[in-house]
Amino acid sequence: ATADGEAPGTQLQVTKFKRAGDSVMLQFVLINNSDSSYDPNNLQSSNYRSVDGVYLVDLAGKKKYEVVRDSTGAGVCSQNLQAIPSKSSVNVWAKFPAPPDSVQKLGIVVPHFMPMDDVPLSQ
């Protein structure tokens, strides 16, 4: 799955979306093909410079899955993201609670990127 960003020249590509026991691992590449650097700081909800604002949506079951949090409240995801220079990319990841086994596809919502619906969840 791929999605274009609101900022011109930005895109993301999902490289792994896999169920592993009671969690889901999402890995994606943030691509900056613009002529200036892109600051991914707008992907967080509470942890500065992280991707903890990303979430999954089960449209049929009307359920939202947010990034797993550790005992300190920090998201279990990529942290300390820096600006992405022009014409480069960065790999990021996030862990989520797994939906019921009957759920085979989920929507992926990354702030400031177009939503991706019905992305197959691999086993």
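1. Lys-105 stands opposite Pro-120 in strand E8, and this pairing belongs to the contact between E7 and E8, which run antiparallel and are joined by 3 bridges. The model is predicted, and the remarks below should be read with that in mind. In the hairpin of E7 and E8 there are 6 residues between the strands, and among them His-112 takes a positive phi near 70 degrees. Strand E7 covers residues 105–109 and strand E8 residues 116–120.

2. The E7 and E8 pair is part of an open sheet of 4 strands, arranged in the order E5-E4-E7-E8 with antiparallel pairing. Strand E5 (63–66) and E8 stand at the edges with a single partner strand each, so one side of each is left without a neighbour in the sheet. From one strand to the next, the twist averages 35 degrees in this sheet. Inside the order, strand E4 (residues 55–58) pairs with E7 in the antiparallel sense over 3 bridges, and Leu-56 is the residue that stands opposite Ile-108 in E7.

3. A further open sheet is formed by 4 strands in the order E1-E2-E3-E6, again with antiparallel pairing. Its edge strands are E1 (2–4) and E6 (88–97), each of which pairs on one side only, and the twist here averages 20 degrees from one strand to the next. E1 is joined to strand E2 (residues 10–20) by 3 bridges, the two running antiparallel, and within this pair Ala-3 stands opposite Leu-12 in E2.

4. Which residues have the most contacts inside the largest nonpolar core? They are Leu-12, Phe-17, Ile-108 and Val-110, in a core that has 29 residues. The elements that give two or more residues to this core are E2, E3 (23–32), E6, E7 and E8, and E3 gives the most, with 4 residues. Ile-108 is thus a residue to follow in both settings, as it has a place among the most-connected core residues and also faces Leu-56 across the E4 and E7 pair.

5. Leu-12 deserves a separate look, given that it is one of the residues with the most contacts inside the core. Leaving aside residues up to four places away in sequence, Leu-12 touches Ala-1, Thr-2 and Ala-3, then Phe-28, Val-29 and Leu-30, and also Val-110, Phe-113 and Met-116. Of these, Ala-3 is the residue that stands opposite Leu-12 in the strand pairing, while Val-110 is itself named among the core residues with the most contacts.

6. Is Asn-32, which is found in strand E3, buried or exposed? At 0% relative accessibility, Asn-32 counts as buried. Its polar side chain has backbone partners: the side chain of Asn-32 reaches the backbone oxygen of Ser-36 at 2.9 Å and the backbone oxygen of Pro-85 at 3.3 Å. Apart from residues up to four places away in sequence, Asn-32 touches Gly-9, Thr-10, Ser-37, Tyr-38, Ile-84, Pro-85, Ser-86, Lys-87 and Ser-88.

7. A search of the whole structure finds 5 salt bridges, one of which is formed by the side chains of Asp-35 and Lys-87 at 3.2 Å, N to O. Asp-35 lies in the loop between E3 and E4 and Lys-87 in the loop between E5 and E6, so the pair ties together parts that are 52 residues apart in sequence. Asp-35 counts as exposed at 73% relative accessibility, and Lys-87 is also exposed, with a relative accessible area of 52%. Lys-87 is in addition one of the residues that Asn-32 touches.

8. Asp-39 and Arg-49 also meet in a salt bridge through their side chains (2.7 Å, N to O). Both residues lie in the loop between E3 and E4, so this pair ties together parts that are 10 residues apart in sequence. Asp-39 counts as partly exposed at 36% relative accessibility, whereas Arg-49, at 14%, counts as buried.

9. A further salt bridge links Glu-66 with Lys-64, where the closest N and O atoms are 3.5 Å apart. Glu-66 is partly exposed, with a relative accessible area of 48%, and Lys-64 likewise counts as partly exposed, at 45% relative accessibility.

Definitions and conventions:
Residues numbered from 1 in each chain as written. Predicted model: local features only at pLDDT ≥ 70, side-chain atom pairs only at ≥ 80, totals over all residues. Heavy atoms only, no water. Pairing = 2+ DSSP bridges. Axes fitted to C-alpha atoms, helices over the stretch in contact; angles between N-to-C directions. Core = buried A, V, L, I, M, F, W, Y, C linked by side-chain atoms within 4.5 Å. Buried < 20%, exposed > 50% of the residue type's maximum accessible area, 1.4 Å probe, protein only. Contact = heavy atoms within 4.5 Å. Polar contact = N/O pair within 3.5 Å; in protein donor to acceptor, adjacent residues only side chain to side chain. Salt bridge = Lys/Arg side-chain N within 4 Å of Asp/Glu carboxyl O.
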